[in-house]
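Biologist: I am new to this structure and would like to learn how to read it. Could you walk me through it?

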Amino acid sequence: MTTTTFAVTDAEIASAFPVMRQLRPNLDEAGFVERVRAAERLGLRLVVHAVDGRVVAVAGFRLLEQLKEGLVLYVDDLVTDEGERSKGHGDTLLHWLVAYAREQGCAAFELDSGVQRHDAHRFYLRHRMRISAYHFVLDL
C-alpha cells in the first residue's frame, strides 16, 4: 500500500530523515526534527511518500507569493530513496505536489536543482518542466 501525506508529528518527520539525508548529507539526525520545525515556522511543509509504511520519497515545499508569478509552490527538497528510484515513486510525489499546487490556486510550480544532478534534470525535463533561470548564491 502506498500513501502520500504531510509529515505532521515528530515521528513522521523523523521517518523522512534517511531519505532526506541522501539529498542533504549536511543534515544530522539528532537535529533534523528541530530543523524542520524551524523551517515550518517560515512556511515549509514536509510530505512523505511511503510504501507499506516505509518512506521512499520526500519533498519539502513552501507556498510563496511572488511579484513575477503570483502564488507559487516552491519545492525546497525532492528526493527518492536511492534503492527505490525508477519505480514511479518520484513521479507519484511530483504529481501529488503539482495537484496540491493547482488546488491552492498556484500560478506556477518551481524548484532549483544542483547543477551536478543530471539524473534529476532529466526527470524534471521529462515532466515538461523548463529551465527558466540561473540561481546565484553568496555564502555568508
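**Reading the fold step by step**

Modeller: Gladly! Keep in mind that this is a predicted model. A good start is the list of elements: the protein chain has five helices and five strands.

Biologist: In what order do the elements of the protein chain run from the N terminus on?

Modeller: They run β-α-α-α-β-β-β-α-β-α. The radius of gyration of the protein chain is 15 Å, close to the 14 Å from the globule rule for 140 residues, so the chain is as compact as a globular protein of that length. Along the principal axes, its C-alpha atoms fill a box of roughly 40 × 35 × 30 Å.

Biologist: How much of the protein chain counts as buried?

Modeller: Of its 140 residues, 40% do. The accessible surface comes to about 9,100 Å², and carbon and sulfur atoms make up 53% of that.

Biologist: Now a single strand, please. Which residues of strand β5 lie on each of its faces?

Modeller: First the general idea: in a regular strand, side chains alternate between the two faces of the sheet. In strand β5 (residues 108-111), A108 and E110 are on one side, with F109 and L111 on the other. These four residues are all buried, so both faces are covered; buried here means under 20% relative accessible area.

Biologist: In which sense do strand β4 and β5 pair?

Modeller: Strand β4 (residues 70-80) pairs with β5 in the parallel sense, over four bridges. To follow one of them, look at V75, whose bridge partner in β5 is L111.

Biologist: And what about charges?

Modeller: The protein chain has 17 positive and 20 negative charges, and their mean positions are 4 Å apart.

Key:
Residues numbered from 1 in each chain as written. Predicted model: local features only at pLDDT ≥ 70, side-chain atom pairs only at ≥ 80, totals over all residues. Heavy atoms only, no water. Helix = DSSP H or I, 4+ residues; strand = E, 2+ residues; numbered from the N terminus. Rg over C-alpha atoms; globule rule 2.2 N^0.38 Å. Buried < 20%, exposed > 50% of the residue type's maximum accessible area, 1.4 Å probe, protein only. Areas by Shrake-Rupley, 256 points an atom, 1.4 Å probe, with all protein chains shown as cover. Lys, Arg positive; Asp, Glu negative; His and termini not counted. Charge placed at Lys NZ, Arg CZ, Asp CG, Glu CD. Pairing = 2+ DSSP bridges.
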